[in-house]
Amino acid sequence: MAFSPKVKRTTKYGDGAQNLLRSQKDAYARLLNQHQNGKFRSYLQELATQQVEESMSTSVSRSVNVVSRRKKGNSESSYSVDSLSSQQSRQMADASICSYTDKTSYQVTCTEDQGIKPGMLEKHARMELHKAAAPKKVPSKPQHKRNEKDIKISSNLVGSEEGDSQQLSCSCGEEQAKDKSKKKRLKGNLAKKDEGECGPEVDVITGKSPNKNIKAPQTQASKESLLQNNKDKGTKSGRGSRKQLFEEYMRTEDVSAGLERGELIKEVSGDINERTLANQMVPKAPDVIVEARYNEDDEVIGKMKNVCLHDKAPVTTQSVKHGSAFNISGSSSERAMQRTGKVVIIFEQKHSRAASGFLKFLPNKNFAMFSPVDHRIPRVNVPLVDCPADFVSRPGDYENVLFICRITHWPADNNFAEGRLAKTLGQAGEIEPETEGIMTEYDVDFSEFSEEVLNCLPQDLPWSIPAHELSRRRDLRKECVFTIDPATARDLDDALSCKQLSDGNFEVGVHIADVSYFVEEGSVLDQIAGKRATSVYLVQKVIPMLPRLLCEELCSLNPLTDRLTFSVIWKLSPEGKILSEWFGRTVICSCIKMSYDHAQSMIEAPDKHFSAEELPPCSTNHRIHEIKEAILNLHNIAKQLRAQRFESGALQLNQLKLSFSLDKESSMPQGCYVYQYQDSNKLVEEFMLLANMAAAHQIYRTYPELAILRRHPPPQSKMVDDLQEFCDQMGLDIDLNSSRGLHRSLNENLGNDEYAAARREVLTHMCSRAMQMASYFCTGALKDENSFHHYALNVPLYTHFTSPIRRYVDVIVHRLLAASLNCGPPLSLSLEEVHKLASHCNDRKTASKRVQELSSELFFAVFVKECGPLDSEAMVMGVLDQSFDVLVLRYGVQKRIYCNSLEGLKAVHFRKVGKRPEMTLVWEQADPSKESTQQVYYPKQLSVC
């Protein structure tokens with residue numbers, strides 16, 4: 001459905017039956033514009049026909065009769081007009097009907113967007129109507145034949161596959177009228193606009209079918225060039241009758257001129273959230289909102305866009321909340337106007353243009369239809385030569401086979417893109433084909449590292465630290481250093497140490513793998529690591545950023561092995577106050593590799609004596625008791641640090657995370673459970689956060705223009721307001737005014753009943769939706785230090801330093817740190833290069849996160865299919881008219897339940913109590929003598945699924 005802004009119409013019409021009839025016609029036109037319904041089209045055509053019969057001359061009336069005969073279903077021969085006068089009449093009648101349709105549609109659009117009086121539009125439309133009735137130039141004989149052929153083709157396309165591809169939802173006569181209407185607007189209406197008859201030009205994003213992208217608005221110059229191109233097509237290629245479905249992107253020179261005049265804004269925007277496609281705010285331009293009228297496919301093609309500004313548009317809540325920079329003096333109605341924009345060009349394509357999906361055979365065609373799994377990507381025509389050899393003869397064999405297709409082109413006059421098949425994946429529903437499809441679509445490089453990359457690694461194995469390198473570093477190999485990681489972790493990039501000093505304070509160290517020692521800046525290895533930017537963690541495997549020789553051996557802080565590290569060491573009081581800080585390159589030897597469960601057992605049983613059999617292999621230089629004491633001291637300090645963070649206004653929204661137990665041979669899921677976040681996790685987290693904050697201050701202090709930091713903007717105001725209103729309606733005492741208030745509300749104000757934990761999880765999910773994404777940035781690219789702030793942590797400066805094995809940003813931070821401490825060369829990147837690198841790392845991190853989520857969803861689906869059905873309690877998160885969203889508490893999975901899929905459901909009643917939605921489900925009873933059972937659902941209520 002195409003979405004149009006709802007605006008209260010204040011235009012006054014004249015008195016009398018004629019004005020009443022006109023208002024009725026306008027109402028039908030508005031409904032047609034909003035709903036695109038075939039019945040409204042037909043009715044509007046009847047009204048237009050009556051209008052023509054009453055006002056046109058005899059010749060035009062005869063033309064209307066020809067159109068009427070076409071509507072009654074006459075044969076194709078009735079369209080073939082032998083006489084020239086009949087041909088003229090038919091063209092004039094079609095154009096006349098279309099003029100009225102255009103008039104009503106354009107009147108609604110202009111009145112809503114500009115407040116232009118309908119009388120002006122009536123005058124404009126009447127002029128167009130009589131202009132259409134004027135004698136037309138006689139087409140040449142070849143052109144006449146082509147028109148007849150086009151009519152025949154259009155008639156045959158209705159209801160067929162190709163007809164669907166041409167978006168023929170009306171009768172042939174109506175489609176031909178639309179064709180001529182488009183030409184009429186190009187040749188007539190645009191000229192009228194330039195002359196000022198309809199006021200200033202208004203670009204309104206409209207469309208004929210949902211789920212199709214709008215390519216771009218055009219400047220006057222580009223429109224004229226497009227008109228000339230269309231003329232050339234009509235006279236040279238024989239495709240002049242193909243209507244243009246999408247606007248072309250603006251030309252580069254027009255974009256440059258628009259930017260100079262201030263008519264366009266060039267911005268880099270993040271991924272469009274598929275849950276909130278209705279509108280997207282332009283970064284750093286809070287007074288401009290980009291409105292999507294339906295699910296646009298542009299989002300999967302790129303992110304760097306130019307935005308064309310419109311002076312005024314109907315106001316929305318989000319527009320007001322984010323539009324404080326757009327001040328309009330005058331009446332309140334004028335101040336309530338919000339500038340809008342739309343995408344006019346994409347400078348840099350960031351989507352892979354690849355998708356996984358299925359093939360559909362089309363009889364009598366030289367191409368097949370590719371239907372992507374992702375509904376945001378258009379269907380694609382692929383040549384049969386790319387399909388399997390027996391696809392044409394046995395298409396049923398491939399109904400459940402996944403393919404990879406890459407889009408190569410999308411014509412402006414076709415609903416479907418064009419592409420080529422890249423690969424056959426395998427059977428849908430199987431883990432490996434589905435996983436490969438996910439990674440390909442999100443452009444994850446899962447290929448093996450080339451020989452050129454591997455040649456950058458140490459060749460003399462087993463490798464040992466050179467003596468000259470040891471002399472440059474602080475030697476910590478005799479200290480009690482240990483790692484705490486998941487039991488299955490193989491890339492150990494952080495270690496901890498803690499010893500009590502004679503004055504009662506503690507020396508605490510965070511030691512991070514020195515990956516920058518092995519990854520030389522500018523090398524082939526450095527380039528491939530920068531391109532991948534992050535490791536991708538799937539349920540069954542990891543796609544590493546670096547070769548496994550580095551990830552799992554040379555850089556990994558494996559126990560009982562000398563390793564190069566970058567360390568930050570503090571002197572801390574028992575209350576967690578930092579007394580001193582030291583940064584530098586070090587060498588360590590971890591004494592034990594502990595899992596979170598091992599550390600948790602020590603925290604939970606501080607007086608227990610642990611034997612060697614209960615723990616992993618341990619160095620003989622350090623006793624188990626010494627390791628346990630260090631962990632307990634770290635735990636106590638971490639509790640102090642954590643309390644101070646939240647007291648200072650930090651916020652943590654930990655959502656439920658689903659984990660799987662896998663079969664060792666087949667990697668198939670054998671069970672699933674919600675991952676438990678324990679005190680041992682919190683211990684490690686606190687000291688990693690502390691190290692990241694310390695690194696951020698160090699590199700920004702030394703390199704204020706080149707530092708790469710991480711910022712987190714505050715949540716979107718409109719979504720916060722909506723959530724606050726929802727909580728108030730539910731009677732929930734939630735403070736959304738600050739991060740501190742929200743954290744306190746989620747942990748203190750949700751009651752102590754049996755469903756308090758479930759209520760907290762639901763609200764955590766809902767609060768997470770309002771949050772914006774954290775992102776990397778170059779400090780030289782943002783001049784306002786206030787924009788460096790990290791909302792969730794509530795700290796002024798933050799970066800990533802602690803995971804260089806799996807994040808490329810951390811490698812850059814290590815190089816900046818080394819340069820700032822004079823123990824490494826200066827960074828060779830410019831401000832612009834660091835800025836681009838930060839943007840690239842943001843893209844890859846977002847893609848990696850989405851791939852991880854899809855991998856988890858895939859394994860859960862396979863698990864349910866193999867082991868289901870599964871019963872679990874779920875809490876309702878939201879209610880729609882025919883469905884409701886729930887959070888399945890046992891698995892932490894959010895699902896939408898559709899009422900028409902529920903067995904035994906007798907009736908559904910939906911209503912709103914105030915603004916709170918409420919749904920009543922009436923269930924049938926097995927015993928007919930008993931009354932039906934009713935369940936009332938609204939957000940916060942518990943239901944059993």
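How exposed is Glu-853: buried, partly exposed or exposed? Glu-853 is partly exposed, because its relative accessible area is 31%. That value comes from a predicted model.

## Salt bridges

Glu-853 pairs with Lys-849 in a salt bridge, with N to O at 2.7 Å. Both residues belong to helix H26, which covers residues 831–867. They sit four residues apart, about one turn of the helix. Lys-849 is partly exposed too, with a relative accessible area of 44%. Shared partners also build a network: salt bridges join Glu-469, Arg-472, Arg-473, Asp-514 and Arg-585.

The count for the structure is 35 salt bridges. One of them joins the side chains of Glu-436 and Lys-423, at 2.4 Å from N to O. This pair links distant parts of the chain, 13 residues apart. Glu-436 is in helix H13 (residues 431–441), and Lys-423 is in strand E10 (residues 417–427). Glu-436 counts as buried because its relative accessible area is 17%, under the 20% limit. Lys-423 is partly exposed, at 42% relative accessibility.

Glu-705 and Lys-783 form another salt bridge, at 3.8 Å from N to O. Here the partners are 78 residues apart and again link distant parts of the chain. Glu-705 lies in the loop between H21 and strand E22 (708–711). Lys-783 lies in the loop between strand E23 (775–778) and H25. Glu-705 is partly exposed, with a relative accessible area of 40%. Lys-783 is exposed, at 69%.

## Annotated binding site

An unreviewed UniProt entry lists Asp-485 and Asp-494 under "binding site". Asp-485 is in strand E12 (residues 481–485). Asp-494 is in strand E13 (residues 494–500). Asp-485 is buried, at 7% relative accessibility. Asp-494 is buried as well, with a relative accessible area of 9%.

The two aspartates touch each other. Beyond four places in sequence, Asp-485 also contacts Leu-492, Met-594, Ser-595 and Tyr-596. On the same basis, the contacts of Asp-494 include Thr-483, Ile-484, His-511, Ile-512 and Leu-557. Val-684, Met-688 and Thr-802 are also among them.

## Cysteines without disulfides

The structure holds zero disulfides. Why is Cys-480 not bonded to Cys-591? Their sulfurs are 4.2 Å apart, which is too far for a bond; the cut-off is 2.5 Å. Cys-591 holds the closest cysteine sulfur to Cys-480. Cys-480 itself is buried, at 8% relative accessibility.

Cys-589 also has its closest cysteine sulfur in Cys-591. That distance is 8.2 Å, so it is too far for a bond. Cys-589 counts as buried, at 18% relative accessibility.

## A buried isoleucine

Ile-812 lies in helix H25 (residues 808–820). Its relative accessible area is 1%, so it counts as buried. Which residues does Ile-812 touch, not counting those up to four places away in sequence? They are Ile-708, Leu-827, Leu-829 and Leu-837. Ile-812 and Leu-827 are 15 residues apart along the chain, and their C-alpha atoms are separated by 8.3 Å.

## A tyrosine patch

Tyr-673, Tyr-675 and Tyr-677 make a nonpolar surface patch of about 280 Å². Tyr-675 sits in the loop between strand E21 (669–674) and helix H21 (679–702). Tyr-675 counts as partly exposed because its relative accessibility is 31%. Patch residues need over 30% relative accessible area.

Note on methods: Residues numbered from 1 in each chain as written. Predicted model: local features only at pLDDT ≥ 70, side-chain atom pairs only at ≥ 80, totals over all residues. Heavy atoms only, no water. Patch = residues over 30% accessible without salt bridge, like charges linked within 9 Å, V, L, I, M, F, W, Y side chains within 5 Å. Areas by Shrake-Rupley, 256 points an atom, 1.4 Å probe, with all protein chains shown as cover. Salt bridge = Lys/Arg side-chain N within 4 Å of Asp/Glu carboxyl O. Helix = DSSP H or I, 4+ residues; strand = E, 2+ residues; numbered from the N terminus. Buried < 20%, exposed > 50% of the residue type's maximum accessible area, 1.4 Å probe, protein only. UniProt positions renumbered as here; feature names shortened; annotations may be inferred. Contact = heavy atoms within 4.5 Å.
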